[in-house]
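Please work through the exercises below with the sequence and the coordinates open side by side. Each task is followed by a solution that proceeds step by step.

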Amino acid sequence: MDIDNVIAMATSERSNLKVNLHDRVVEALYQEAGRLTERSVSLPGGPRQWRLDQVLDRILTSRVFGFPAMGLLFAGVFWLTIEGANVPSGMLATLLIDHGATLLHRWADALRIPSFVQGLTIDGIYLAAAWVVSVMLPPMAIFFPIFTLLEDFGYLPRVAFNMDRAFRWAGAHGKQALTMMMGYGCNAAGVVATRIIDSPRERLIAILTNNFAVCNGRWPTLILVSSIFIGAVVPPALAGAAAAVTVVGVAIIGIVCTLLVSAFLSRTWLKGQASVFSLELPPYRPPRLLQTIYTSLIDRTLIVLWRAVVMAAPAGAVIWLLGNVEVAGQSMAHWIVQGLDPVGVLIGLNGVILLAYVVAIPANEIVIPTVLMLTLNLAKSPLAEKGVMIELTDDVTRRVLVEHGGWTLLTGINLMLFSLLHNPCSTTILTIWNETRSKRWTALAVAIPLALGFGVCFITASAARLFGHH
Amino acid sequence: MFGLKRASCGIDDGCAGCPMAGSAAVHRFGLDTANADYVVALAGNPNTGKSTVFNALTGLRQHVGNWPGKTVVRAEGAFVVGKAKFKLVDLPGTYSLLSNSADEEVARDFILFGRPDVTVVVTDATALERNLNLALQVLEITDRAILVLNLMDEAERRGISVDDRALARDLGAPVVPMAARRGRGVPDLRETIAGVATGKIACRPPRVTRFDEAIEQSVARIADALLDVHPELPNARWVALRLLEGDPNVIREARAGTLGQGLHRHVVEAPATEVASRGH
């Protein structure tokens with residue numbers, strides 16, 4: 001007798017069995033587990049201890065209150081971030097940009113370093129890095145620990161639970177809500193996390209739409225732009241709240257895009273039924289405050305910041321060169337921005353922003369510093385002259401963008417929309433390629449959000465023009 | 001105090017045999033998993049704190065999240081007890097070894113065919129009944145398993161008490177209560193892993209969950225036939241059950257002839273010679 005006979009024998013035994021084998025085996029295992037538990041576990045007398053969990057779940061996963069609670073919670077987180085980050089951001093900017101750059105120039109002058117080298121290193125590389133730090137560090141140092149505390153507490157699976165019905169409607173997998181949550185940290189991580197989705201069809205949908213989850217690199221852009229443009233049109237007392245609501249609004253537009261694009265994909269190229277899955281809601285756990293703050297500062301804030309600085313430094317050099325190397329009587333930046341301006345203005349942005357998004361393909365983090373440096377550089381503003389870079393408070397940033405860049409409220413709104421809807425960063429694109437091994441899907445993952453971004457911005461710009469906004 | 005302890009167990013070679021003897025020499029080896037003497041698999045339902053246990057043992061800082069499905073690939077780390085080096089493999093959470101879903105397959109295949117020397121099943125002490133389902137399946141496959149009752153702090157907070165000794169007796173496997181988030185029970189687990197790996201802690205043969213009479217008879221017939229082909233197969237009953245259910249992975253392994261080897265090693269190698277042959 002050999003093994004093939006045994007397998008054949010098993011097959012015939014299986015067809016002879018009158019009972020459902022799998023169900024019976026599982027049943028027997030559960031009975032045994034129940035018996036063992038009864039012998040070793042003693043539960044508390046009354047159900048009193050469980051109430052807090054249940055009450056929380058009744059609110060947070062309720063059909064009526066679930067979504068409003070979610071919106072309020074996240075708006076609160078952003079409000080704390082925006083209110084808290086304002087002052088330290090200004091202080092860091094004074095220290096690093098105002099004092100730091102002046103000091104570096106003074107030392108460089110003393111060492112008789114030629115102005116070309118000074119420009120490239122101090123006005124290019126150093127300033128870009130310093131800007132990234134002062135714009136990003138304070139909001140991240142507040143946002144990440146709070147978000148990690150929520151995660152530790154066990155809130156994320158509740159979000160997935162709330163979202164499940166919507167994803168089912170879209171023909172996608174309920175677990176996509178979880179990969180989307182990962183995307184709020186980092187889209188590359190979110191794309192890897194789609195491995196928890198069994199069906200290849202639903203996994204592809206999750207990969208292609210992950211970019212609609214606003215990532216680490218984009219939160220600071222949204223927070224800054226909403227503070228200086230939306231916060232400025234409401235009474236000062238409400239500025240922080242209005243900015244927070246705007247950021248949540250952009251995130252919600254992202255969720256809507258996720259659902260609509262998922263629904264589109266699941267009805268066209270990736271047709272199929274949504275699969276069923278069970279999601280265990282873990283118990284709420286009191287987060288370990290100090291440990292969470294420590295690890296989220298070290299693991300997330302500093303790592304993300306470091307990545308941003310590493311990306312910003314060469315970008316700073318590129319921007320400085322673009323702004324200072326002249327071709328046919330004009331700087332290269334001038335030529336490029338002139339070329340991009342018609343398209344940019346058509347969709348309510350401008351050439352500087354489009355160029356910034358090209359420079360920022362390696363990392364979304366550097367969009368705002370790039371925009372500021374290019375704007376100042378092109379305007380040949382006295383602000384951009386070495387050593388007179390005054391402190392970069394929200395007011396000054398606003399002035400730079402409005403006076404030198406010609407920004408309006410529409411530019412601010414469309415920049416936020418474009419920040420949500422544009423190509424994934426190069427790391428994410430590479431990850432999508434690694435996970436799908438398909439040029440077609442990778443290209444589509446880039447093309448879909450980019451097309452949406454141009455489309456949506458064009459619509460808002462046209463609508464604004466229709467209502468007399470220039 | 002130290003002197004007292006030494007005096008009380010200083011009979012002949014007593015200290016060397018004491019499980020705590022190696023504790024001073026514990027090193028966390030982080031990612032360096034080369035040349036491990038023993039392979040330890042970390043299994044368990046999703047969200048029971050496997051990654052926290054993993055971090056506590058290896059000193060790594062793998063990100064831990066309070067939601068199921070966080071670990072999608074297996075993570076590896078290492079630690080050393082005394083002179084023996086242990087490779088620890090953190091598997092994605094799985095509710096069962098019977099299903100065929102893609103992310104659970106990583107865990108399943110490793111426990112079944114990755115030949116770990118020790119399998120640690122991490123359970124949530126606050127939801128033991130549901131968690132035991134996986135533990136019982138693991139115990140049918142291997143006798144070198146340890147049950148971790150994790151989240152004991154949370155169980156205590158809710159007034160749930162678990163009699164770990166009674167459970168260990170019933171299961172025939174060591175049970176270690178832990179609160180890995182607070183570092184409670186970590187040395188215990190390390191010593192228990194070392195004890196089971198080296199054979200100092202004897203485990204009972206695989207325990208058996210009885211099924212319906214019709215199933216039992218079928219399983220017995222297939223198991224007999226299996227033993228004709230592989231007389232040394234240690235858990236023919238379990239393999240027979242999987243063949244009866246038509247598990248494609250087990251059928252593939254059976255055809256390839258690796259089934260016998262994989263499951264063979266756990267039981268036939270005597271613990272003492274194993275330690276000797278590995279040069280420690």
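The exercises that follow concern a predicted model, and they deal with cores, burial and backbone angles.

**Exercise 1.** Determine which residues touch the most other members of the largest nonpolar core, and which helix gives the largest share of this core.

*Solution.* Begin with the core itself, which holds 124 residues, and in which A:Ala128, A:Val132, A:Ala356 and A:Ile366 touch the most other members. Next, assign the core residues to elements: helix 5 of chain A, residues 115-153, contributes the largest share, with 18 residues. Then turn to A:Ala128 and leave out residues up to four places away in sequence, after which its contacts are A:Ala312, A:Ala313, A:Ala315, A:Gly316, A:Ile319, A:Ile366, A:Pro369 and A:Met373. Finally, note a second, separate core of 80 residues, which includes B:Ala56, B:Leu139, B:Ile146 and B:Ala197.

**Exercise 2.** Establish whether B:Val121 is buried or exposed, and which residues it touches.

*Solution.* First locate B:Val121 in strand 5 of chain B, which spans residues 118-124. Then count neighbours: 27 other C-beta atoms lie within 10 Å of B:Val121, and because the threshold for burial is 20 or more, the residue is buried. With residues up to four places away in sequence not counted, B:Val121 touches B:Ala43, B:Gly44, B:Leu134, B:Ala135, B:Val138, B:Ala145, B:Leu147 and B:Val148. As a last step, compare sequence with space: B:Val121 and B:Ala41 are 80 residues apart in sequence, while their C-alpha atoms are 8.3 Å apart.

**Exercise 3.** For A:Arg112 and B:Leu151, find the phi value and decide whether each residue is buried or exposed.

*Solution.* Take A:Arg112 first: although it is not a glycine, its phi is positive, at about 55°, and it sits in the loop between helix 4 (66-110) and helix 5 of chain A. A:Arg112 has 6 C-beta neighbours inside 10 Å and therefore counts as exposed, the limit being 12 or fewer. B:Leu151, also a residue other than glycine, has a positive phi near 60° and belongs to the loop between strand 6 (145-150) and helix 6 (152-157) of chain B. Since 28 other C-beta atoms lie within 10 Å of B:Leu151, this residue is buried.

**Exercise 4.** Work out how many residues of helix 7 of chain A are buried, and what covers them.

*Solution.* Going through residues 176-185 of helix 7 of chain A, one finds 10 of the 10 buried, so the helix is largely enclosed by the rest of the structure. Among these buried residues are A:Gln176, A:Met181 and A:Tyr184. The covering elements include helix 6 (156-169), helix 8 (187-193), helix 9 (200-209) and helix 11 (239-267) of chain A.

Technical notes. Residues are numbered from 1 along each chain as its sequence is written. Chains are lettered from A and ligands numbered from 1 in the order in which they are written. This is a predicted model: local features need pLDDT of at least 70, side-chain atom pairs count only at pLDDT 80 or more; totals for chains, interfaces and linings use all residues. A nonpolar core is a set of buried Ala, Val, Leu, Ile, Met, Phe, Trp, Tyr and Cys residues joined through C-beta atoms within 7 Å. Helices (H or I, at least four residues) and strands (E, at least two) are DSSP runs, numbered from the N terminus. Two residues are in contact if their C-beta atoms, placed from the backbone, lie within 7 Å.
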